[in-house]
Every structure is written in structure tokens, then in C-alpha cells.
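I opened this model to look up a few points and kept notes as I went. The entries follow in the order in which I looked.

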Amino acid sequence: MTDENSKLPPEDAAVTGDAAEAKPEVSTDARPKLTEEEKQAKIAAAKAKAAAKKAAEEEAEPKPPWEDKPVPPERIEADDDPEVVALAEAFEGSVLGAERFAGDLTIKVPASKIVRICDFLKNERGFAFLVDLTAVDWPEREEGRFDVVYWLHRFSDECRLRLVSVVAEDQIIESVTGVWKVANWMEREVYDLFGIVFANHPNLERILTWEGFNGHPLRKDFPVEGIDTGAAIYPDVYPAGGGPVVEEEGGDEA
């Protein structure tokens, strides 16, 4: 005769049999249960808080309907701006127009005086940092095809100034690398992508495309799909003025 309890683990053997009592369940929720009155009071408080928030939003001033009826900024003449006045007094005929748009001051200046104007603005007006130098293409404009744009910054009062010079398609404009050395790479980029030539540049070569590239990609008459072009670095594969040879469909199989 064997003892069945001897086969069970000690902790189970102690509770086997009719005399064993069921273990009491221990509740893991220590939060006290709310009475029906307390539940109703919490619900009423939440509703009152939501109603007060909605009333405050309704009483607040409505936001301008920018999404429905956008109001674009206006162009304002800026002939009386201190920077415009100082430049006009320094050089006769140096200011062809000035306006303020969206908080930015733009001065239109002649391309023939760009170096003198930039030198004056840097050394006399404190615009020591050339932020950017780029161009805009207006192929149908009679005044001149390109705008050469200079972004200047003055650290003392965080003032920014934009200069714009109109340049014809075959017109040469002076380099401002003698004023800001950083203009070296910026002017090379404009030369590469727009074809604008900067006189007295120390090394006016393409910077994004290769020598032998046919055309200037940021001109608006440049085909979006690109064009066949030669590559000087692979003259045996891409001869000058040509592109890769495309085999016609249905040709002889090798």
C-alpha cells in the first residue's frame, strides 16, 4: 500500500484531502470602490470642466482665416530705409529701386557697380557675411534675362539685405571674391548652372557638372528630361558633344 501524499510536493501535500481548506483570493486592486453618489459627482465635475473650456474658446478672439482667405504680404517702397539712403549718398546712381516685402529689404543695383557697392556695404555698413549668391532666370524679359542675387548679413543687429543686379544673357559681371572669399564657390555654381560669367574670378570652372557638359541645367529652357552631353572624364565612352549610344529595339542579337 502506497501513500499518495508522498508523491506530491510538500506544498501541495499539505492541502490535499477533504479537510484542506480553499486558499483565499487576494485582491490586487487597492483602489477603494466609489459609491454611486461619488461616481455621479465625478461625472458632473468633468462635464463642468469641459463646458468651461468650450466657453473660454468661444469668448476668445477668433483666429484670422489664413487657410480660407490668405492675405499675401504687400510690397512697400523702401527709399527712406537707412541702408538705401546711405548707399544712394555714397554712390550716385547706385540705387535703381528699393522695396520691403515680407520683412525683407531688397535693393536693385546696377551690375556695373556691384564690386564698389558690396565693398561699401561690407566695410562701411557692417554687412560682413555673404550668406548666398545665386541667380534667377527670366528668359522672356526684355530688361535682361538674369537676376544675380546677393544675400548679405550684419551680425550686430541681425539685419539682412538682398541685392539684385539685372544681367543680360551675354553680359559679364564682376566677381566679388575680392570682397568675400566665399563668393568663389557660389559664383562657380551660378556659372555652372546658369552660364553667367564673372570677370576676374580666380578659377571660374564648373563645380557641379563636368567640363564638357552641354548646357546649363537651371536655365528655364533646359529640357527637364535632360540632353545628350559629353563627359571629358570618359572621352572614349562619351565623345565631346554626344551621349551614350542607345541601341534600337529589334536590332541584331549578339
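Entry 1, what covers a helix. I began with the buried residues of α3 and looked up what lies over them. The model is predicted, and I read every value below with that in mind. The cover includes the strands β2 (97–101), β3 (104–108) and β5 (146–154), along with α4 (114–123).

Entry 2, the two sides of α3. Which residues of α3 are buried? I found Glu-83, Val-84, Ala-86 and Leu-87 buried in this helix, which runs over residues 82–90. They sit on the same side of α3, because the arc they cover around the axis is only 165°. I then turned to the face directed away from that buried side and noted the exposed residues Pro-82 and Glu-89 there.

Entry 3, the start of α3. I looked up what caps the N-terminal end of α3 and found Asp-81. One of its side-chain oxygens lies 3.0 Å from the backbone nitrogen of Glu-83.

Entry 4, Glu-83. I stayed with this residue of helix α3. Is Glu-83 buried or exposed? Its relative accessibility is 6%, so I entered Glu-83 as buried, the cut-off for buried being under 20%. Setting aside residues up to four places away in sequence, I listed its contacts as Leu-105, Arg-125, Phe-127 and Arg-154. With Arg-154 there is also a polar contact between the side chains, at 3.0 Å.

Entry 5, the largest pocket. I looked up its volume and noted about 300 Å³ of space. The lining has 17 residues, and those closest to the centre of the pocket are Arg-75, Glu-99, Thr-106, Arg-162 and Val-164. The elements that give two or more residues to this lining are β2, β3, β5 and β6 (159–167). Which element gives the largest share? I found that β2 does, with four residues. I also sorted the lining by residue type and got eight nonpolar, seven charged and two polar residues.

Entry 6, Leu-34. My last lookup was a loop residue: Leu-34 lies between α1 (10–13) and α2 (36–59). I put Leu-34 down as partly exposed because its relative accessible area is 38%, and partly exposed covers the range between under 20% and over 50%. Leaving out neighbours within four places in sequence, I noted that Leu-34 is in contact with Lys-39 and Lys-42.

Key
Residues numbered from 1 in each chain as written. Predicted model: local features only at pLDDT ≥ 70, side-chain atom pairs only at ≥ 80, totals over all residues. Heavy atoms only, no water. Buried < 20%, exposed > 50% of the residue type's maximum accessible area, 1.4 Å probe, protein only. Arc of directions from axis to C-beta. Contact = heavy atoms within 4.5 Å. Polar contact = N/O pair within 3.5 Å; in protein donor to acceptor, adjacent residues only side chain to side chain. 1 Å grid on protein atoms, 1.4 Å probe; cavity = no way out; pocket = protein on both sides within 12 Å on 5 of 7 lines; lining within 4 Å. Points joined across faces, edges and corners; volume = space filled by probe spheres on them. Nonpolar A, V, L, I, M, F, W, Y, C, P; charged D, E, K, R; others polar.
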